[in-house]
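Work through the exercises below with the sequence and the model at hand. Each task is followed by its solution.

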Amino acid sequence: MELKKMLEYQELDREVFKLENELRQSEELKQANKVQSAFKQSQEAIVGLSSRANQRLEAIQRLEERYERVVHELDELTAESDNIQEVKEAEFYDKRLADIAKTLDALESEIITANDELKRIGGAMSNEQQRQMQYRNMYVNAKKKYDALKKSIQEKARPYVVKMAPLKKDIDPVLLERYTRVRNNKKMPVLVPYTASGGCGGCMMELSESEKGKLTAQGICECPNCGRLVYKS
Ligand SMILES: [Zn+2]
């Protein structure tokens, strides 16, 4: 009696399951997922670019600090020039001056390169942000289409769901829970008949002696291969 109700329930549930599959395999869902993953990729790219920009900024700051220090050194050296009296001293002074000038030139060119790089990163970032905005709009549209399909599918499923509700009361909750567990693994039908050759009516695998024993004792057993519930009619 209970098995009969369970099978009746399953017949209705199969229709619901079919409709759910329609939604799961729909172009609408595929499109929404595709756009969402493109959006995420773009977001990751922005995070990467932003961290590169920060690194560049810090490098520029360090270079500028070094530049300041060298300029300060130059000021000090210039002040010393008043005290030069000997030729040897003057030569040494000139050499130090030339070294400092060289260092400043090198730092300046490093700063320019780093700034150029920063500008390039900024450009790439604003392109990526534009792309992200497009993906966001595309996602809003795709989600709208998906939601509309979901709603229409839920409406189609409603008559079955309404009929299933009263049947539930007559089904053992433990059996219903076992049924739901298999169903959640996207297997339908969940309940399959025991075949004449001693196997599972779902995957056709022959049942073990212990499962056959359970089947005889309880009228139902679990297929060790596919997990479906096998019943003897
Ligand atoms: Zn099986």
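**Exercise 1. Place Leu-23 in its helix and describe its surroundings.**

Leu-23 belongs to helix H1, which covers residues 2-24; helices are DSSP runs of H or I with at least four residues, strands are runs of E with at least two, and both are numbered from the N terminus. The model is predicted: local features need pLDDT of at least 70, side-chain atom pairs count only at pLDDT 80 or more, and totals for chains, interfaces and linings use all residues. Residue numbers start from 1 along each chain as its sequence is written.

Next, take burial. Leu-23 has 16 C-beta neighbours inside 10 Å and so counts as partly exposed (20 or more other C-beta atoms within 10 Å means buried, 12 or fewer exposed, in between partly exposed; C-beta atoms are placed from the backbone).

Then list the contacts, defined by C-beta atoms, placed from the backbone, within 7 Å. Leaving out residues up to four places away in sequence, Leu-23 touches Leu-29, Leu-149, Lys-150 and Ile-153.

**Exercise 2. Find how far Leu-23 lies from Glu-76 in sequence and in space.**

The sequence separation is 53 residues. From C-alpha to C-alpha, the two are 77 Å apart.

**Exercise 3. Describe the overall form of the protein chain.**

Start with the elements: five helices and three strands, in the order α-α-α-α-β-α-β-β. The radius of gyration, taken over C-alpha atoms, is 38 Å, well over the 17 Å of the globule rule for 233 residues, so the chain is more spread out than a compact globule; that rule is 2.2 Å times the number of residues to the power 0.38.

Finally, the C-alpha atoms fill a box of roughly 120 × 45 × 30 Å along the principal axes.

Technical notes. Two residues are in contact if their C-beta atoms, placed from the backbone, lie within 7 Å.
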